[in-house]
Structures are given as structure tokens and as C-alpha cells.
Amino acid sequence: MPDTIDMIDKILTDMKNVGGVEACAAVSRDGLLIRAIVQNWQFAESFAAMSATMLGAAETATVELGKGIPHRVIVESGQGRLVAVGAGPRALLVVTVDSDTGLGLVLIELEKAAKKLKELLI
Amino acid sequence: MIKTGIPKLDEFLDGGIPKGKSLVYYMQPGVEGEVFGMQTIYSALKDGGNCVLVASSTIPDITRGQFKEFGWDINQFNNKFISVDAYNPLIGAPSKEKYIVSNPDNIEEFSRIIVDIIKQLPPSTIVFGSLSTIMDLCGERKVIEAVRIWNKMAMLYDHVMVYNFTAWPYSQETLDLMKGELFNAVISIGGIVERVIFGQYFEILKSDWTKEIKRSMLFRVLRPGGIKLYIPKILVTGPFDSGKSTFVHALSTRAISVDRLGTTIALDHGHVDYKGFSADIFGTPGQERFDPIIRLLSGESMGVFLVIDSTNPSDFTRAKQMLKITMSYGLPYVIIANKQDLDGALTPEEVREQFDLPEDVPIIPAVAKDKIGVYEAFEVLIDSVTGGI
């Protein structure tokens, strides 16, 4: 058990080290927090549940429309961005990014990290 | 009888550990187990008992600091709490404790001090911070023989013996003894990975003063707070406008909702800290157009609250359907007969009849907006989730 957790933490730490990333979390598809690197732990569980709902709702919406599964959900606000990507059938990855950094590198790294998380949880 | 202070464990042990008995917290390497012994010390002190901590893996001062981290003020019990320092001498540092094992790698000396304590002190709870450390220093066989003697002496002098033991790769014979005949009770503590739930659990492997109970409980270690039983997900579902969000908010220590135009559109999420339990509550929307989301979020639940509007029996069919959508059949569930304060509210008996529910499904009358019935419902559900006793 500690091994898998260590490996998830490694993925999250690497993700957190990408420029502009403020927080990141691995979340189960049904909204339970697996692990997270965040400032305020109190809100991590709600953050996890809401992120899973967003991605799930987005997937349901586009699939119903016949537009396929979305690659990611990006939410933009004045204070920053939130990006959620699926990581296999069991989990998703969520990051928050500050408002000044370009998303390009973040998205590439997020894609890689999601692939790794998917492999881990199979 | 002393209480272990671990939620539910005392219940499982018929009240705690009787005087003269020994108990080992048998931990897999890598789990946060040391807190078990500490929580037992704090619980015993709080109930007015005397305690001895045999500190063999850290200096006693650090252990005192750890108590503080958990929010347990042990300084107020200074005259009832004694540390045996078996660590400072190891690193050549001076010690200010009354009892010092000057050669912690010498089991004879160790044993002499422990036996002295057993003979001199009034009936106490004697906790070994790390029996495995002593084993590493003195050798497996010698320590096992010493433990046999300590436990016998403790029985004569009415002490309670509690050991923290980490199951490093010792010889199979040693591990079998630790799990078997050496102690009156064995609490095993380990980690699990079940799909995406990464957790720690404890279970009673043995207890010679109670009926056998094979039941494992998930727990989390909170700072402050210590060991809390952890229930990753409890689902709150029910038809539109039955009061699910109100129920989630009434029950939760903190909660958030995604409400638009007065109805839940995504989910309610709440966190409950109550009577040693820590649980996350997921409230689903009620309207049919959100059914795909309900299905998505209801996985991995350990129990379900089905909230119904007691004044609106026409919705009961939908309520049943929602149990199906959430795949909740087979999980423990409790019916919340909400809105009992309104005219025309059906009594729980009438609800049972109209709903055609089996006798063993609990129906709790509630007024969620006034927090009436919500904690009762929580306790009932927790009891069935944990196989209540």
C-alpha cells in the first residue's frame, strides 16, 4: 500500500513542480480524494468531489451529443484556472494554475501525468 | 477495566481491557500505528488511571510533544504519568526521567526495571512505545521470554499491559507467538488498497475475554484528534424537494452545495465529525434529468440515507427507483421520514406500510431544517455500516 501511495505522490509532486501549478489532486471518478498537494486540506475533499462532478457532467453532456469524450475540462476565472483530465476509468487529475502562466506546458505535463496515474491504478 | 480510547474498539472489547490483561497493537510496517498506544495512554489518564510509557524508540520529551500534536494535554496528569527512558542512554544523552534503562540492549537490566515498576506502582497501564525496537536490540527469543514474565507479573499485580509492535520480518515463529499465545488480545493494524480507497484498518485478531469478533474498521489519524473511524462515502439520495441538501447541511460539520434556482444540480458535499467518526457525505440531485450524474457519483458508498418527504407519498415510487439508480441495494440504508413538522406528515409506521418496506429497514422521523432526527439517523446508519453491536 505505501508503495502505490508513494508513487501517486511522486506523480503529484512532479505535476506541482511545473511552472504555474498551484495545487493538484488525484481523485476517484466517483469523487473521493485519493491524494492531493494543496494549501488548505479542509477544502480538498470538496474540491475533489466537485472536480469529479464537473468532469463527469462534461463527459455525459458531450457523449450525449455524440461529440465523444472531452480531453479535458478547463475552467477560467479572474484569479486562475482549473484543469481536470481523466486518468483511466478509475481516476482523474485536477490542477489549479495561476492566471499568468501559459497553459501549454501544463497541459502536456498533465497529459503525461494522467497516463502514469492510469497505469498505476489499473 | 481501562478504555483503549479507540472509537468502537472499546465496544468490541466489551468495555476495554480488564486489569491484569495484556494487549498488543500488531502493526504492519508503514502504517501509522504508534498513535494507538498513545491514545490508550491518554484515555487511561483521562479516566484517572496511572500510566507508564516505556520509551524505547524516541526520547520521552519527543513523545510528550507528539501527545500535544494530537491535542492531548498530558501535563495536567504529571503525577500520574511516568516515562521509562530506554532511549537517551542508547545515544549517550543524559536523562531526567525517574526510571532509566542504562543499557537498553541488556534484557536482564530492562526486565529488572520493568519488574520493579510492576511491583512498586499501584495498578497502572503500562505501555511499550515500541516492543519491536527492544527486540532489535536484545534479540527475539530473549524479549519473548521477558514479555511472558512481565505479563504474568502484571496479572498478579493488576496492571494492564499494552504493547506497540511493528511486524518487521522477524522469524515466523516470533510473529506467530506475537499474534497468538503471548498476549490476551491482539489488535492487528494494516493498510488496504481497495480499488481507489487507500486506507488503514484495525481488527481484533484475538481477545480472550470477549466473544470472537472478526470485523475490521477503517481509520484515519488526525492531528489534532488522533484515531477517527473513517467512512469514505455515505450517500444521501431521495426524490426532488425531499430535503436532501438540508439534511446534508444539518448533519455536516462543514458542507457545500451546488444549488441553482433552489435545487441541487451537481451535488452536496459534507464532512461529518461525530462521536469518533469521520465521514464524507455525498448528496445527489433529485430530479430525473440528473440521473446520469447520480449514477456517476454514487459508486463506492458504504451506506445510504434515503430522504423522503413524509407529506408526499406519491413520490415514494421515485424514491425506490433512486435506490436502484444509485445501486444501493445490498448496502445498509436508513429512510429519513423528513418534514415531520408539517400537517399531513405520515408517521414512520404509515411510511413503512405505503412504501412496503421490510421490518428491518430503519425509518427515522426527522425535521432536517431543525436538525431533529439527523444525528439519530447517523448513529443508526453507522451502526449498520460497522456491523453495530
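Two strands count as paired here if DSSP finds at least two bridges between them. I wanted that settled before looking at the sheet, and I kept in mind that this is a predicted model.

**Entry 1: the sheet of chain A**

I started with β3 and β4 of chain A. I found 5 bridges joining β3(A) to β4(A) (residues 80-87), with the two strands running antiparallel. For a single pair I picked A:V75, whose bridge partner in β4(A) is A:L82.

Then I traced the whole sheet. It is open, has 5 strands in the order β2-β1-β5-β4-β3 of chain A, and its pairing is antiparallel. Which strands sit at the edges? They are β2 (33-37) and β3 (73-77) of chain A, each pairing on one side only. I also noted the turn between neighbouring strands of this sheet, which averages 15° with direction ignored.

**Entry 2: helices on the sheet**

Next I looked at what lies across those strands. Helix α2 of chain A, residues 44-64, lies across β1 (21-28), β2, β3, β4 and β5 (91-97) of chain A. I read its angle to β5(A) as about 110°. Helix α3 of chain A, residues 104-121, also lies across β1, β2, β3, β4 and β5 of chain A. For α3(A) the angle to β5(A) comes out at about 155°.

**Entry 3: chain A as a whole**

I counted 3 helices and 5 strands in chain A. Read from the N terminus, the elements go α-β-β-α-β-β-β-α. The radius of gyration of chain A is 14 Å, close to the 14 Å that the globule rule gives for 122 residues, so chain A is as compact as a globular protein of that length. I got a box of roughly 40 × 35 × 30 Å for its C-alpha atoms, along the principal axes.

How much of chain A is buried? I have 48% of its 122 residues down as buried. I also checked sequence separation: of the contacts in chain A with a separation of 6 or more, 52% are between residues 24 or more positions apart.

**Entry 4: cysteines**

I searched for disulfides and found 0 over all chains. I looked at two cysteines anyway. A:C24 is buried, with a relative accessible area of 0%. B:C51 counts as buried too, at 1% relative accessibility.

**Entry 5: helix α5 of chain B**

I moved to α5(B), residues 131-138, which is mostly covered, with 6 of its 8 residues buried. Which ones? I listed B:L131, B:S132, B:T133, B:I134, B:M135 and B:C138. What covers them includes α4 (107-120), β5 (124-128), α6 (140-157), β6 (160-166) and α7 (172-179) of chain B. Just after the helix I noticed B:G139, which takes a positive phi of about 100°.

I also checked the record for this part of chain B. UniProt, in an unreviewed entry, lists residues 2-141 of chain B as "domain: KaiC-like". I computed 29 Å between the end C-alpha atoms of that span, which is 36% helix and 17% strand.

**Entry 6: backbone oddities in chain B**

I looked for positive phi outside glycine. B:D158 has phi near 65°, and I placed it in the loop between α6 and β6 of chain B. Is B:D158 buried or partly exposed? It is partly exposed, because its relative accessible area is 37%, and buried means under 20% while exposed means over 50%.

B:K339 also has a positive phi, near 65°. That residue is in the loop between β15 (333-338) and α11 (348-355) of chain B. B:K339 counts as buried, at 18% relative accessibility.

I found a cis peptide bond as well, joining B:R223 and B:P224, with omega about -5°. B:P224 lies in the loop between β9 (216-222) and β10 (226-237) of chain B.

**Entry 7: B:L306**

Last stop was B:L306, in strand β14 (residues 303-309) of chain B. B:L306 is buried, with a relative accessible area of 0%. What does B:L306 touch? Leaving out residues up to four places away in sequence, I have B:T237, B:G238, B:A319, B:L323, B:V334, B:I335, B:I336 and B:F355. I also took one distance from B:L306 to B:A146: they are 160 residues apart in sequence and 55 Å apart in space, C-alpha to C-alpha.

Conventions: Residues are numbered from 1 along each chain as its sequence is written. Chains are lettered from A and ligands numbered from 1 in the order in which they are written. This is a predicted model: local features need pLDDT of at least 70, side-chain atom pairs count only at pLDDT 80 or more; totals for chains, interfaces and linings use all residues. Side-chain values use heavy atoms; hydrogens and water are left out. Buried means under 20% relative accessible area, exposed over 50%, partly exposed in between (1.4 Å probe, protein chains only). Helices (H or I, at least four residues) and strands (E, at least two) are DSSP runs, numbered from the N terminus. Contact means heavy atoms within 4.5 Å. A disulfide is a pair of cysteine sulfur atoms within 2.5 Å. UniProt positions are given in the numbering used here, feature names are shortened, and annotations may be inferred rather than shown by experiment. Axes are lines fitted to C-alpha atoms, for helices over the stretch in contact, and angles run from 0 to 180 degrees between N-to-C directions. The radius of gyration is taken over C-alpha atoms; the globule rule is 2.2 Å times the number of residues to the power 0.38.
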